[in-house]
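Let's take a walk through this model together, starting from one small detail and working outwards. Keep the 3D view open and turn it as you read.

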Amino acid sequence: MNTPLLSAKDLTVQFRTPKGPITAVNGIDLTLERGEVLGIIGESGSGKSVTMRALLRILPEAKTEIAGDLKLDGKDVLSLKGHDLAAYRGGDVSMVFQEPATALDPVFTIGTQISETVRRHRKVSRKDAQARALEMLELVRIPSPASRLGNYPHEMSGGMRQRAMIALALAAGPKLLLADEPTTALDATVQIQVILLLRELQREMGMATIFVTHDVGVAAEISDRIAVMYAGRIVETGTAAEVLKNPKHPYTQGLLSSTVQGAVPGTPIKAIPGMPPDLAQMPPGCAFAPRCPLATSACQAAVPDLRAQGGERRVACVRLEEIA
Amino acid sequence: MLGYILKRLLYAVPVTLAVSIICFSLVQLAPGDPLTVVLPADASQEIVDQTRARYGLDKPLPTQYLLWLSNVLQGDLGTSIASGRSVSSEIGHAIGYTLSVAVLACLLALVAGLALGLVAGYTMGSPMDKIASATAISGVSVPHYWLGIVLVVFFSVKLGWFPAMGAGRSGQSLGDALSFMILPVLTMAAMPAGIITRSVRALVAEKLGQEFVTALRAKGMTSPHIFAHVVKNAAPTALAVIGVQMGYLMAGSILVETVFAWPGTGLLLNNAILTRDIPLLQGTILVLALIFVALNLIVDILQPLFDPRIQRA
């Protein structure tokens, strides 16, 4: 069997703060095959974005400690330094940010921003890089791409900016694309267009993709597999169909029934009571136990392991057998 | 771009007019009668009235202003009451001295301020930043006339390296001319250098914290590239700060020029105030204010070269 494109084992991210370390990502395992799409869902603060930034190694080094084992295509990502690291970022793996309005440099044209990325990763002339930038804008279906090359970000609409951001992320032909809530900042109608575009490009270009979202509908639309994160840990993972049709972890069940799609018409949407735990003061056992309607004393004893449930499915709940 | 420049030029017109009105009226508000300086204390009322009429000081203020303005527009700033020479020749003589120290002080403040500010902004919180920031705060908070006197005591009196005052003789060598400028230039550059350091430090730190810098790292850009992006983003605000500081320097410093007996516009103003020489005072303030307006105009025109959003606004 082939080695997976991405494999993360026991990946842990800690932030050093004046009040002591905060564990934002707590020993997660991830594997991704070539061309596969993984959706990571969870609430704000569950560690989704931090995981993505750790994968790309763009967390501020002075304040962060990344531990565990992280390999992309055989490359040991956590030991990369200097030019190898710069070549990895944007070359092997690239990212579409949540807010294109702030992630694009406001005082450079879109064309310059794409072509400088191309020139950073490929030995091509300025002219060829411009040609590649034009090709990328065509690829993301921006109307009149040639004139858009000379536009500044503020001269574009939100949806157009996000298309430009996608063009930029794909310009150097990465093996893995990280999309960090790429549609959250967009209007609902534009969201759908951008999701469809990403799915199409992903199939055309065949790169593996990790898609982070708190929108279950979006995750269902685009993912092959889904991982549900809560308080820095993965609590449930499996194929998209399994997880969304038959959620086993009480948190996943809560997350699904708290969405508009999951609600039964005529009944109120069921919100999960309480708040996610403070990462600086994690409860001793299952982090979801304080909010879980099914929690018992066993839940507080130890952090539950992710247990295999056949196939791709793994769930971290001690009461799994009783409640299923 | 051309439309933008024309618009900025048009905006400068009312500003300039307002400046001329303020120049004219402020001087009128000051107590004291200029005639007491030119006339003997026992002059008869008849002579006082004649002299008053000769300088046009007997007419109502608005008329005086319009007369003055129409003369100014024709390039005539009037005649100095104290010296009897034309105000424009007095200013023309002094402004060369002021500009020579001001330009050097600007360059020094700019180089020092940018260097310290960039280092401090890039290394926020480090010992380097603390040293740069402490230097900047000393530059801003030390009174510059006091700094001037300390420099004179140390470098002129104790070490005898540089002359203590004046601008030297005409026809001296460039080296000699420069030796007279060094202490005034150092004194004048201290405050703007400090202010530029503080502003650039804050700007660089702010830009470095923005998402687009993370995105630049995410696409594999290395430090020199990111530096170029940060500089271009910080440039418009930095330009505005630098423009204002240059304006202050060009407008001369009454205190510094007085400490060093430097024959520039500052000293001219000082003497004009002491002798109640109203035409000289008005003319000098007007010229300095116009230089200030012109510098800000240049900043306005340069800013959109760095940030296209400014032209739109």
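Start at A:Arg57, which sits just after H1 of chain A and takes a positive phi of about 60°. Keep in mind that everything here comes from a predicted model.

Now step back to the helix itself. H1 of chain A spans residues 48–55 and is mostly covered, with seven of its eight residues buried. Which residues of H1(A) are buried? They are A:Lys48, A:Val50, A:Thr51, A:Met52, A:Arg53, A:Ala54 and A:Leu55. Notice that the charged-looking names are in there too: A:Lys48 and A:Arg53 are on the buried list.

Zoom out a bit further. An unreviewed UniProt entry carries the annotation "domain: ABC transporter" for residues 6–256 of chain A. Over that stretch, the chain is 40% helix and 26% strand. Its end C-alpha atoms are 28 Å apart.

Next, let's go hunting for rings. Searching the whole structure, over all chains, turns up eleven aromatic pairs. One of them joins A:Tyr230 and A:Tyr251, and it is tilted: the centres are 4.5 Å apart, with 55° between the planes. A:Tyr230 lies in strand E9 (residues 225–230) of chain A and A:Tyr251 in helix H11 (residues 250–257), so this pair ties together parts that are 21 residues apart in sequence. Both tyrosines, A:Tyr230 and A:Tyr251, are buried. They also have company, as ring pairs link A:Tyr230, A:Tyr251 and A:Phe288 into a cluster.

Over in chain B there's another ring pair to look at. The ring centres of B:Phe24 and B:Tyr65 lie 5.4 Å apart and their planes meet at 70°, so this one is edge-to-face. B:Phe24 belongs to helix H1 (residues 2–29) of chain B and B:Tyr65 to helix H4 (residues 61–73), so the pair links distant parts of the chain, 41 residues apart. Are these two rings' residues buried or exposed? B:Phe24 has 5% relative accessibility, so it counts as buried, and B:Tyr65, at 12%, counts as buried as well.

What about chain B as a whole? Its secondary structure comes to 14 helices and zero strands. The C-alpha atoms fill a box of roughly 85 × 55 × 35 Å along the principal axes. Of the 313 residues of chain B, 42% count as buried. Chain B exposes about 15,500 Å², and carbon and sulfur atoms supply 71% of that. Finally, chain B has 18 positive and 15 negative side chains, and the centres of the two sets lie 16 Å apart.

Technical notes
Residues numbered from 1 in each chain as written. Chains lettered and ligands numbered in written order. Predicted model: local features only at pLDDT ≥ 70, side-chain atom pairs only at ≥ 80, totals over all residues. Heavy atoms only, no water. Helix = DSSP H or I, 4+ residues; strand = E, 2+ residues; numbered from the N terminus. Buried < 20%, exposed > 50% of the residue type's maximum accessible area, 1.4 Å probe, protein only. Areas by Shrake-Rupley, 256 points an atom, 1.4 Å probe, with all protein chains shown as cover. Lys, Arg positive; Asp, Glu negative; His and termini not counted. Charge placed at Lys NZ, Arg CZ, Asp CG, Glu CD. UniProt positions renumbered as here; feature names shortened; annotations may be inferred. Phe/Tyr/Trp six-rings, centres within 6.5 Å; stacked < 30°, edge-to-face > 60°.
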